[in-house]
Structures are given as C-alpha cells and as structure tokens.
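Work through the following exercises with the model open beside you. Each task is followed by a stepwise solution.

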Amino acid sequence: MECRVLSIQSHVVRGYVGNKSATFPLQVLGFEVDSINSVQFSNHTGYAHWKGQVLTAEELNELYEGIKLNKVNHYDYILTGYSRDTSFLEMVVDIIKELKEANPSLVYVCDPVMGDHGAMVRTPPTFQVMDLLHKMGPKTVVLTSSDLPSKRGDQFLVALGSQTIVKPDGTNTSQKICIDIPKVDAVFVGTGDLFAALLLAWTHHHPKDLKAACEKTVSVMHHVIKRTITYAHELAGPGKRPSPAQLELRMVQSKADIENPAIVVEAKVLQKSSH
Amino acid sequence: VMCRRDYPAMECRVLSIQSHVVRGYVGNKSASFPLQVLGFEVDSINSVQFSNHTGYSHWKGQVLTADELHVLYQGIKLNNVHQYDYVLTGYTRDTSFLEMVVDIVQELKRANPNLVYVCDPVLGDHGSMYVPQNLYPVYKNKVVPVADIITPNQFEAELLTGKNISTEKDAVEVMDLLHAMGPDTVVITSSDLPSRLGDRFLVSLGSQLRPDGSRTTQRVRMEVHKVDAVFVGTGDLFAAMLLAWTHHYPNDLKMACEKTFSVMHHVIQRTISYAHELAGPGRRPSPPQLELRMVQSKADIEDPAIVMEAIVLS
C-alpha cells in the first residue's frame, strides 16, 4: 500500500498523545507517516509537571519549505489535532491548501479540538449539527462522543457519524450511523488522537462504508482502552485511582488489535436522507 | 465478547535521544518503529527536527540545545518516571549536547544500575571525520566509558583506540581495547578486512565480555553482503536492533548478531529493489527513493529469517 500521511501534532517524550498516539498505529497498518512535531514536551499536560518547547508558525513553515524544495510535498492524507496557537493553525491551513493543489485527492482529517463537557451556546439537534458541518466542508463527520441518552443505559455514550455520498444521478445523500460505546471510569489522554488516526486508516480501507470504518475504529479503541485500564489498575493497586503516568495508553502492547481488530460494536445505520 | 488473550507483555523502556526527520528514516524515525514493533516502550527525545536527512539536495529545520535537552529530562524527572532499562544514542554534532547526554545517562544509571547504554559513537567513516573534531575527546573520555554496547565502524574503532586494523587479529585487539574503556559489548559494524566470500562482501566483527565473572570473551565474525548504494539511517536501525536482540539474547552475541544483521539484510534488500523500481532502468536512485522501507518490513523486523551465520572465533 503506498499511502503517505502528513501528521502535524504534538510530540511527547513519554506517553501517547498527538504524534506519539497517531504514528505507531498508522505505521503498523502500513501507512508512511511524515510527522511534524508542533511541540516537544516531556509528557502530556495532565501530569503533575510538564516541560518542553513549542514550534512557531515560522519554524513550521521552514520545515514545510524543506520538504517542498526536495519536491517531496505529495501526500494522500493530512492529520491534525490539538493546537493552541492561531498563527500556527493558519500556517497549517496554508500548507494544506498548497498540498491540495499538488494533490486534489488529498484527504484532510481534522480533530477540531476546542473543548469538552460544556456547550457554549444552544445547539441544534444533533443530526442537523452534522448536516451543518457537511455544508461547511467535510464529507465525513464523526461526533466522537455525545451525551445523547443511549438505548443501552447510562453506562454507554452515543457516538454518531455521517458521510455524504454522491448518488449515480449526481444528487447528494448521506449515510448516518450511531454507535453505543461503553463508558470507562477514567480520564484518558491521547484517545482522541488515536481515534482520528484510526478513522483515517479505516475510512481509507472502507471509503464508502462509514459503518464498517466506525466499527473497526471504535473496536480498536475498545481493545486499547480495556488493556490500558486493566494494566493501570494493576499498577495502582486495589482501591487506588491510577495516576496519569499509569493511564498512558498501552499502545505497543495493542499492536495485534490495531492490525486486525475483533469487532466488538455494531453501528446502526440510521435513516438515509437526501439533500 | 472475549478479548484476545494477552501474553505477558515485555516491560522494557528505552530512552532514545536522536534526530527527528519529518520525512524518512534516520535517528529516532529509524529506531522507534522497529523497537515498538518488538514490544519495547520507547521514550524519545528529538535532538533536532529537520525536514529530511542531510543527504538530500535541501534540508531545513531546528536543533535542540543542551539546555532544552536538560529541561525535557527535568520534566520526566519531576514526575518521577525517569526509570529506564536502556538508553540509545547516535549521531550528534554538539559537544555540550553530548556532555548533557552523559550527565543524564549517569543519573539514570544511579536510578537503575542495570541500565544498558547502547551508543553508536558516530565520528566518521572511510578515513575521515564527518562530525566536528571536538566531539572526539568527548566520546573517548566521557561517552564510551559509560557505554555498555557500542557499534563503531572500523574508522571509529581505530580513532577511539589509536590502533590501526589491518588483520582480524588487529580487530580483536582493538575490540579488547574498547572493552577496557568501558563497554562489555562491541560490534565493529563494517571493515575493509578481506572477506572469505570475496569482494562483494565486507567483514563485521563482534566481541562480548561474558558477564559471569569468568572474563572470557565471545568473539564473532560476519561476512556481510555489500550493496551498491548509499543508505542513510541504517546505522541507527542497526543499533536499535542490536539493542533488541542483545536484550533477548544477553549471553549469545552470535545469535544477537545473526538476528540483527539478518533484519538489516531484509530491510536493505526491500529498499534497494523498490528504489530501483522508482528510479527506472539504468538510473541511480535518489536519496528520497533510497529511504528505508521501514513500515513495509514490519514482518521481517518482528521475526527475521536468519540469512547469515556469525562464526565464533576461537
């Protein structure tokens, strides 16, 4: 498989967030991963302490210039996540536009990290949200978590996905799916980065089947998280809450699950709608 | 649904302090994936971030200073997670950076006296240095003395010991001199000693002091097939794989070398085949085309078919 991803994310010396979370799974699945590290920190910022350095927008541009001067600025995918700097993000956008000119088939996978657990404004119903997001640009939208009530009870959260499909007659429709995901009583860091990387991989293999892509993605997440929480509890000992260091994703130990995930969730296809 | 059965995971943590390139496989890009695929936890400090290695027509990027290295290490230490089983280093251009690495290694060895420091003492090749001259005394006087496994080429082995290698006997003496400087395991990764298999082969040698106090040494010799191309990152891959295979075979340098050199063979063969496909008939492949086919070689990394024999020297 000849498929090259440019991933622009954080690097941590220890642990699995940003590029550390995304790179290994994609490489294990056979993707060539070029990675620009937007920061280099000792570890993620959920630990008691963290130290390191950030890349400026100019430095990002410099690295891209190096790639471009060698005429190797050809990518099939771009992947971005957590970013704290507007000028950096704007430079990312400039780079993507240029890369899309070089390869119009390029797919930009974006985790638009802004926050969690606290809507700022009243939002329209969820399906409308996904359709509004499609109108803004992306053909594929996955709401990775919501607090919509799950039919399986309060130990589950609901994730939704929507993918626009062009019908043979040229009109647009969308496939919408929903998945019930078992909640885990712990705070993980890096899971969103892993999710986006895996969604990239599985939508690559199932470009017109969001149900299959999401089932694989969510299944891998399940295996990694389960392995992680089990190990974290072993390390912490009975009755103690695991620490951030102990809760680092068991990434290398999950290689087999990443390569060939046993499917442990079923995505329900919801009513198709035309636009 | 039952989870896939987990065999006890290997708990082994490596701190690798090497270059990062956005594109391609040198430094940490060359070392991390293979070690992770083999189940090692790899913490990586990127000593530089460049667009690509410096053998391309162009390269751009930024370097980490010794102070910034120290700051990163401080972060790890403040969280009390500075416990490592291995440290791995390679190409460095800056003496103060290298000295900071030594300080870190010494502190980590105090935290874990069993820590193994795998060091590629990158100084030069084919008769000349390609790092600043002032790195030589730092390697000789500070780095090699705290290293446990080193992977010099012939030039570096001669430079560090002040002794020339013209015969296998010379090489054995040089490796003994290197043992006396510190490391119990030495692999001379390449030499221009004449090979038993003819001039399409080069000779590599290894030497390991037995840890059982007997002070005997296992010495091995490998005839390695030459490939008509310049690869970059192969030394970094070699050191990482030697780390992995000496971990699994701590008292069997023959086996560790056979695995390591075999992985190198598979990766290089795959790489040169693909490079020639990309370049087209009769054309020499370019540096981008010669990037190691690392992710494509995952199966060979996990379980290398042994393609060469390491002869134990008596």
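**Exercise 1. Describe how helix 1 of chain A and helix 1 of chain B are oriented to each other.**

Step 1. The two helices are roughly perpendicular to each other (angles under 35 degrees count as roughly parallel, over 145 as roughly antiparallel, 65 to 115 as roughly perpendicular and the rest as oblique). Helices (H or I, at least four residues) and strands (E, at least two) are DSSP runs, numbered from the N terminus.

Step 2. Check the geometry. Helix 1 of chain A covers residues 18-28, and helix 1 of chain B covers residues 27-37. Their axes cross at roughly 70° and come within 11 Å. Axes are lines fitted to C-alpha atoms, for helices over the stretch in contact, and angles run from 0 to 180 degrees between N-to-C directions.

Step 3. Add the hand. This crossing is right-handed. A crossing is right-handed if the near helix is turned clockwise from the far one by less than a right angle, and left-handed if anticlockwise.

Step 4. List the residues. From chain A come F24(A), Q27(A) and V28(A); they meet F33(B), Q36(B) and V37(B) of chain B. Contact means heavy atoms within 4.5 Å.

Step 5. Sort this contact by class: four nonpolar, two polar and no charged residues. Ala, Val, Leu, Ile, Met, Phe, Trp, Tyr, Cys and Pro count as nonpolar, Asp, Glu, Lys and Arg as charged, and the others, Gly among them, as polar.

**Exercise 2. State how far the model can be trusted.**

Step 1. This is a predicted model, where local features need pLDDT of at least 70, side-chain atom pairs count only at pLDDT 80 or more, and totals for chains, interfaces and linings use all residues. Residues are numbered from 1 along each chain as its sequence is written, chains are lettered from A and ligands numbered from 1 in the order in which they are written, and side-chain values use heavy atoms, with hydrogens and water left out.

Step 2. For the complex, the predictor gives an ipTM of 0.95 and a pTM of 0.96.

Step 3. Chain B has a mean pLDDT of 95 (the predictor's confidence in each residue, from 0 to 100). In chain B, 97% of residues reach 70 or more.

Step 4. Find the weak stretch. Residues 1-5 of chain B stay under 50. Where pLDDT is low, the predicted coordinates should not be read in detail.

**Exercise 3. Compare each chain with a compact globule.**

Step 1. Chain A has seven helices and nine strands. Its 275 residues would give a compact globule a radius of gyration near 19 Å; chain A has 19 Å, which agrees. The radius is taken over C-alpha atoms, and the globule rule is 2.2 Å times the number of residues to the power 0.38.

Step 2. Chain B has nine helices and 12 strands. For 314 residues the rule gives near 20 Å; chain B has 19 Å, which agrees.

**Exercise 4. Analyse the packing of helix 3 of chain B against helix 2 of chain B.**

Step 1. Helix 2 (residues 66-78) packs on helix 3 at about 20°, with axes 8 Å apart. That makes helix 2 of chain B roughly parallel to helix 3 of chain B.

Step 2. The contact includes L69(B) and Y73(B) of helix 2, and F97(B) and I104(B) of helix 3.
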